[in-house]
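Let's walk through this protein together, starting with the overall picture and then moving into the sheet and what packs around it. Keep the structure open as you read.

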Amino acid sequence: KRHRLLIFWKHIRMDPQLQEERWRIESEMFRTNYTPRRHPELTHLLYYIHWDRSPNIWKQWCTSNHEQHAEINFLENDCEVINRRRTRPCSVTWFLSWSPCSSCSDSIIEFLEEHPNVMLDIRFSQLFNSSDRQNQEGLRALANHGVQLSVMQLSDYRYCWRTFVLHQRSRDYWPRNFLPYIQDYSQELDAILDHYSPHYYGW
């Protein structure tokens with residue numbers, strides 16, 4: 001029995017397809033949590049890391065849990081690969097189902113100050129509790145620290161579907177019914193970063 005388990009474990013470690021499936025999410029999980037039309041069940045964070053002058057791209061994902069948010073899970077657990085190459089410039093792109101809260105924004109800024117070679121691009125499906133002033137200030141602080149902030153566009157949803165989603169029924173994913181929500185959230189984000197009250201415009 002032990003011999004069979006050993007063979008099975010070797011098969012998992014050696015099979016490229018099984019290794020690839022480990023960093024992909026199910027299509028239903030993606031559809032449920034990456035939509036601007038309703039609140040996600042969990043905060044998901046899909047990401048890729050690209051090092052300067054390297055053809056390799058590291059792709060992975062994490063979620064929130066009962067103890068901490070997805071952003072903190074990345075900073076504490078998933079950024080080992082960055083720490084191993086601490087002196088090499090790299091760009092990190094996040095695709096979040098929610099924008100960061102004020103507390104996560106503070107932690108992200110602290111991380112970036114400790115990793116000056118990291119450029120961070122955060123794209124999110126919708127804004128988290130955008131009427132909260134602390135969350136607004138957190139987003140502005142991120143922008144002031146050089147973080148690129150944007151609402152996910154149709155091309156982002158398509159990229160995530162093709163790159164991170166397992167067991168796709170179709171390779172194409174182009175949710176045009178998201179467009180009105182994308183436009184509204186983009187305008188709201190611009191207002192926050194420009195330090196205008198979103199509710200002044202009726203949002």
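What follows is a tour of the fold, from the whole chain down to a single residue.

First, a reminder that this is a predicted model. The protein has nine helices and seven strands. Of its 203 residues, 45% are buried. If you take the contacts with a separation of 6 or more, 69% of them are between residues 24 or more positions apart.

Now find the sheet. Five strands make up an open sheet in the order E3-E2-E4-E5-E6, and the pairing is mixed. Strand E3 (57-63) and strand E6 (148-151) sit at the edges with a single partner strand each, so one side of each has no neighbour in the sheet. From one strand to the next, the twist averages 15°. As a bit of background, strands of a sheet pair through backbone hydrogen bonds, and they can do this parallel or antiparallel.

Both kinds turn up here. Let's begin with strand E2 (residues 44-51), where seven of the eight residues are buried, so the strand is largely enclosed by the rest of the structure. E2 runs antiparallel to E3, and seven bridges join the two. You can spot one of these connections at Ile49, whose bridge partner in E3 is Trp58. The hairpin of E2 and E3 has five residues between the strands, and there Arg53 takes a positive phi near 60°. E2 also runs antiparallel to E4, again with seven bridges. Here Tyr47 has Trp94 in E4 as its bridge partner.

Over at the E6 edge, things go the other way: strand E5 (residues 118-124) pairs with E6 in the parallel sense, over four bridges. Phe124 finds its bridge partner in Val151 of E6. Helix H6 (residues 102-114) packs on the sheet and touches strand E4 (90-96) and E5, with its direction at about 155° to that of E5.

Another helix worth a look is H4, which is mostly covered, with seven of its nine residues buried. Which residues of H4 are buried? They are Ala70, Glu71, Ile72, Asn73, Phe74, Leu75 and Asp78. The cover over these buried residues includes E2, E3, helix H5 (80-84), E4 and H6.

H4 also leads us to a cavity. The count of cavities of 30 Å³ or more comes to one, and the largest cavity has a volume of about 30 Å³. Its lining is formed by Phe74, Leu75, Ile82, Val92, Trp94, Phe111, Val118 and Leu120. Helix H4 (70-78), E4 and E5 are the elements that each give two or more residues to that lining. In terms of chemistry, the lining of the largest cavity divides into eight nonpolar residues, no polar and no charged ones.

Let's finish by zooming in on Leu46, which lies in strand E2. Is Leu46 buried or exposed? Its relative accessibility is 0%, so Leu46 counts as buried. Leaving aside residues up to four places away in sequence, Leu46 touches Ile25, Phe30, Tyr34, Gln60, Trp61, Thr93, Trp94, Phe95, Cys160 and Phe164. As for H4's Phe74, the C-alpha atoms of Leu46 and Phe74 are separated by 9.9 Å, with the two residues 28 residues apart along the chain.

Methods
Residues are numbered from 1 along each chain as its sequence is written. This is a predicted model: local features need pLDDT of at least 70, side-chain atom pairs count only at pLDDT 80 or more; totals for chains, interfaces and linings use all residues. Side-chain values use heavy atoms; hydrogens and water are left out. Two strands pair if DSSP finds at least two bridges between them. Axes are lines fitted to C-alpha atoms, for helices over the stretch in contact, and angles run from 0 to 180 degrees between N-to-C directions. Contact means heavy atoms within 4.5 Å. Buried means under 20% relative accessible area, exposed over 50%, partly exposed in between (1.4 Å probe, protein chains only). On a 1 Å grid over the protein atoms alone, a cavity is a set of points where a 1.4 Å probe fits but cannot get out, and a pocket is an open set with protein on both sides within 12 Å along at least five of seven lines; lining residues have an atom within 4 Å of a point. Grid points are joined across faces, edges and corners, and a volume is the space filled by probe spheres set on the points. Ala, Val, Leu, Ile, Met, Phe, Trp, Tyr, Cys and Pro count as nonpolar, Asp, Glu, Lys and Arg as charged, and the others, Gly among them, as polar.
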